[in-house]
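Please explain some local features of the structure shown below, going through the chains in running text.

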Amino acid sequence: MIVPGAMSLTDRFLELLGLDPSTAGPLLVFGVSILAAGLVGSFVLLNTAFAGPYAKRKITASFTDRISVNRIGPAGIGTIVVDSVRLLSKELIIPEDADRPAYDLAPIVLAGSALLAFAVIPMGSGIQLADPEIGLAYVFAIASIASLGLLMAGYASNNKYSFLGGLRAVAQNIAYEIPLVLTGASVVIFAGTLQLGNVTTPDTIVGAQQATLFTIGSISIPSWFGFINPFAFALFMAANLAEVGRNPFDIPEAPTEIVAGYQTEYSSVYFVLFYLGEFIHIFLGGAIIATLFLGGPAGPVLPGIVWFTIKIWGVFLLTQWARSAVPRVRIDQLIQIGWKGMLVLSLANLLLTAVIVGVIA
Amino acid sequence: MSLQERTPSEPDVGVTEDGLDYDELEALLEGRVLDREEHVNAEGFVIRPDEVEDVLSTLKEEAGFDHCSAVTAQEYDDRFESIYHLKKYDDPTQELSVVVPTSKDEPVSQSAAGVYDTADWHEREAYDLVGINYEDHPDLRRILLPETWQGHPLSERYNQTQPQVVPLREHANPLEEDHRGSGDDSDTMFVNIGPHHPATHGVLHVKTVLDGEQIVDLDPDIGYLHRSEEQMCQQGTYRHQIMPYPDRWDYSPGGLLNEWAYARAAEDLADIDVPEYAQVLRTMSAELTRIAAHMLAVGTFGLDLYGDFTVIFMYAVRDREVVQNLLEDLTGQRLMFNYFRLGGVAWDLPEPRDEYLEKIRDFLDELPDRLEEYHNLISGNEIFQMRAVDTGILQPETAKSYGATGPVARGSGVDYDLRRDDPYGYYDELDWDVVTEDGCDNYARLLVRMQEVEESAKIIKQCVDLLEDWPEDDREIQSNVPRTLRPDPDKEIYRAVEGAKGELGIYIRSDGTDKPARFKIRSPCFSNLQTLPVMSEGEYIPDMVASLGSLDIVLGEVDR
């Protein structure tokens with residue numbers, strides 16, 4: 001079933017400029033698209049900039065009974081600026097025997113791939129760059145490119161720790177991507193489409209979750225997929241932790257084992273890109289979870305974009321919590337959990353979803 | 001295995017009701033004893049350098065000396081000498097020193113590494129610093145000093161003015177072929193873990209050969225923090241100048257426990273009494289130190305298993321901070337306490353006493369809740385158990401052979417604690433238990449430390465009660481000790497206390513001056529670290545890191 005996509009952000013911009021999207025010239029559409037993409041990218045980067053040097057520290061500090069940054073600006077918020085300047089102005093050290101240009105491309109691939117996936121995510125309040133029919137497949141495909149970046153970084157650094165980290169990253173991503181995609185597929189069975197859509201398009205993944213599941217008194221509970229199949233939700237959350245490499249699955253970096261894994265040899269801007277890429281990935285994980293299981297940007301009273309932000313930050317908080325409090329599993333245990341546990345569970349979940357869908361239909 | 005149920009076949013030659021019968025032991029060795037020396041702690045049997053293995057294995061198999069505490073090497077005007085300090089794990093008060101003199105021109109002695117695994121490293125150290133060659137030693141390399149070092153610093157012929165060149169070899173090609181594993185088609189990789197590595201707890205360098213993620217071969221390379229502590233102590237006077245050094249061995253902080261090791265050895269050497277009140281103060285402050293040290297051990301072990309930014313480390317450090325503040329109030333220092341004196345302690349409890357004791361009580365009252373939190377957070381966590389249970393296995397017999405002591409030995413079910421077995425201070429008057437676990441793995445070692453914190457708290461509580469009720473006119477903190485202490489010449493002593501990491505022993509030989517002629521430190525970490533290859537070979541890197549964490553080494557004490 002093909003449904004017309006919701007109005008894209010580019011079209012909205014064109015309308016704001018007083019132009020008819022159907023008649024605008026290709027050059028103009030291209031220009032406005034760049035503008036729209038810049039807006040979406042900036043939104044993601046803004047979240048990341050707030051999370052990386054500041055929120056993450058504050059969150060970890062409150063878990064560990066500390067105060068953390070509090071000197072620059074109110075509640076230490078100025079640290080964001082100071083840290084950015086500090087990180088960017090550091091010397092860029094490139095190992096003598098590094099394999100260029102793979103070494104230089106790796107951080108860009110990592111950060112870029114995560115950012116690209118946001119193109120189809122409905123962020124509410126009409127912010128969605130495009131809504132292709134293959135939306136979900138696109139998201140998973142693009143996000144997986146990150147593994148390539150990790151392998152490039154690990155191999156090109158010409159460092160044994162990086163090499164081990166790169167190998168670990170690939171082994172882990174393959175082991176967890178399959179359960180992740182299979183669990184995502186259960187949502188596709190439920191919605192009957194790969195298209196992400198948004199709240200106004202009922203025959204899409206997000207749209208399908210807007211129906212009322214049941215009502216308690218005057219409160220109607222929407223049929224968010226996380227409510228319909230909590231098992232799939234839990235499974236996806238766990239696989240997502242592995243996908244973004246946070247405890248208990250932070251094996252590719254594992255500072256106490258292999259120093260910093262694939263990013264051992266990276267410094268200055270390249271390191272910032274890696275750091276950025278990781279955080280964008282965490283937010284992308286949050287965005288996918290919000291879209292697939294939590295009704296996308298839907299929510300009462302507040303505008304969609306606010307709800308969307310709340311949801312992705314909720315997932316971010318969870319990853320930080322796990323990082324603070326959960327030990328790291330060993331690499332062989334991780335692979336075992338992935339292939340013997342998660343994969344079987346995600347297949348079982350597919351069956352379960354088919355049954356649920358069958359009963360509802 | 002209970003200590004009481006000895007079967008008749010067990011080796012116990014020479015064991016009598018009131019200590020060891022050295023004549024019987026000499027008879028056991030069938031004329032291989034050339035001479036007998038009188039050391040303060042035990043008798044010394046002088047034997048020929050080519051009969052070391054023979055004599056030691058007889059003593060180990062038939063007389064039950066299963067613990068080789070340390071090997072002390074030293075040079076006299078006319079000879080070199082290695083002393084093997086033997087003990088029994090069942091009863092460490094049964095001691096025997098085996099003295100092996102060698103000629104000055106050709107200092108060659110048979111190695112004991114075939115009998116006691118622990119002799120491997122101890123003899124390497126003796127070779128490195130003093131220059132005695134051990135025949136048939138499996139791997140006689142330098143251990144504390146760089147391989148290119150010229151001369152042996154503790155020997156008389158050492159030229160102190162000679163410049164030493166320590167080259168920094170170019171880093172090896174990371175993609176170099178390496179086939180050190182077993183099998184013809186093994187494809188292995190050599191990795192330097194450390195000296196700059198987040199999990200080595202200091203500057204330890206572990207030369208590792210990996211097959212994939214598994215460890216094929218492992219060789220700890222120590223000495224990066226070697227500060228000639230023994231030499232420095234030999235240049236200080238007994239009375240005051242040595243006491244600050246022990247604080248710098250195990251700085252986790254094991255400071256007061258280390259000071260006690262020196263205090264005990266020197267006091268026994270010079271027949272100095274310590275007033276009872278001072279002993280209670282020592283016991284209490286030493287146990288506070290032990291809690292602080294174990295907290296750090298638990299926290300850093302968590303760090304090794306969790307990665308950075310982890311709660312358990314911060315919680316442990318937060319609670320350790322309370323202990324540090326208590327110790328600061330008592331000693332005036334947070335790390336380098338310098339609180340013990342020969343014959344007592346530096347000063348009494350801080351005034352107002354009641355307030356201080358109340359502070360300690362508050363800490364002790366909160367402790368059970370804290371430990372409960374730790375147990376919820378780490379030892380009760382399934383993922384944690386997945387990582388720690390059945391990894392880093394150290395069998396009891398292996399632990400004994402490597403001279404492992406402290407929580408490492410007790411985690412392998414070896415019931416050995418000098419506080420109980422060779423009582424000193426005020427320990428035998430108090431009610432507490434020695435903690436052992438039979439798991440032999442990383443988890444058992446962690447549990448031992450956490451339970452020892454509870455036992456230490458018990459000891460401190462009793463000390464606080466004692467101190468509170470101590471009559472005011474009887475608070476003697478220092479006995480009469482001559483201003484310049486000159487123990488009688490040619491007295492030798494090896495005395496140990498239960499440090500935070502295990503048996504911390506000091507060997508002192510006096511020569512009639514106010515400075516020791518030989519000062520040897522038996523570091524528990526040094527012996528414990530030797531077990532790392534046994535625990536880790538064949539395991540994964542993360543397990544090696546966990547094992548290293550559970551050994552709880554402090555490089556300041558390993559390298560001295």
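**Selected features of chains A and B**

In chain A, P101(A) lies in the loop between α3 (79–88) and α4 (102–117). The peptide bond leading into P101(A) from R100(A) is cis, with omega near 5°. The model is a predicted one, and the values given here are computed from it.

Chain B has a cis peptide bond as well, from S252(B) to P253(B), where omega is near 0°. P253(B) sits in the loop between α4 (229–234) and α5 (255–269) of chain B.

Backbone angles also mark two residues that are not glycine. D65(A) has a positive phi of about 60°. It belongs to the loop between α2 (26–63) and α3 of chain A. Is D65(A) buried or exposed? Its relative accessible area is 47%, and because the partly exposed class lies between 20% and 50%, D65(A) is counted as partly exposed. In chain B, R560(B) has a positive phi of about 55°, and it is not a glycine either. R560(B) is found in the segment after α17 (555–559) of chain B. With a relative accessible area of 2%, R560(B) is buried.

The two helices that flank the loop of D65(A) pack against each other. In general, two packed helices are described by the angle between their axes and the distance between the axes. For α2(A) and α3(A), the axes come within 9 Å and cross at roughly 115°. The two helices are therefore roughly perpendicular. The crossing of α2(A) past α3(A) is right-handed. On the α2(A) side, the contact is made by A49(A), F50(A), P53(A), Y54(A) and R57(A), and on the α3(A) side by T79(A), I80(A), D83(A) and R86(A). Sorted by class, the residues of this contact are five nonpolar, one polar and three charged.

The remaining examples are residues of chain B with side chains that can carry charge or polar groups, taken one at a time.

H39(B) is in the loop between β3 (35–38) and β4 (43–46). It is buried, at a relative accessible area of 4%. What does the side chain of H39(B) make a polar contact with? The partner is the side chain of E37(B), at 2.9 Å. Beyond its neighbours within four places in sequence, H39(B) is in contact with G44(B), I83(B), S97(B), V99(B) and E492(B).

E95(B) occupies the loop between β6 (79–87) and β7 (96–103). Its relative accessibility is 5%, so E95(B) counts as buried. The side chains of E95(B) and N41(B) are joined by a polar contact of 2.8 Å. Residues up to four places away in sequence aside, E95(B) touches L20(B), Y22(B), N41(B), A42(B), F65(B), L86(B), K87(B), Y494(B) and R495(B).

E452(B), by contrast with a loop position, is found in helix α13 (residues 442–469). This glutamate is buried, with a relative accessible area of 2%. Which residues does E452(B) contact, leaving aside its neighbours within four places in sequence? They are H294(B), P407(B), R410(B), R419(B) and V435(B). A C-alpha distance of 7.8 Å separates E452(B) from V434(B), which is 18 residues apart from it along the chain.

Technical notes. Residues are numbered from 1 along each chain as its sequence is written. Chains are lettered from A and ligands numbered from 1 in the order in which they are written. This is a predicted model: local features need pLDDT of at least 70, side-chain atom pairs count only at pLDDT 80 or more; totals for chains, interfaces and linings use all residues. Side-chain values use heavy atoms; hydrogens and water are left out. Helices (H or I, at least four residues) and strands (E, at least two) are DSSP runs, numbered from the N terminus. Buried means under 20% relative accessible area, exposed over 50%, partly exposed in between (1.4 Å probe, protein chains only). A polar contact is a pair of N or O atoms within 3.5 Å; within protein, one must be able to donate a hydrogen and the other to accept it, and residues adjacent in sequence count only if both atoms are side-chain atoms. Contact means heavy atoms within 4.5 Å. Axes are lines fitted to C-alpha atoms, for helices over the stretch in contact, and angles run from 0 to 180 degrees between N-to-C directions. Angles under 35 degrees count as roughly parallel, over 145 as roughly antiparallel, 65 to 115 as roughly perpendicular and the rest as oblique. A crossing is left-handed if the near helix is turned anticlockwise from the far one by less than a right angle, and right-handed if clockwise. Ala, Val, Leu, Ile, Met, Phe, Trp, Tyr, Cys and Pro count as nonpolar, Asp, Glu, Lys and Arg as charged, and the others, Gly among them, as polar.
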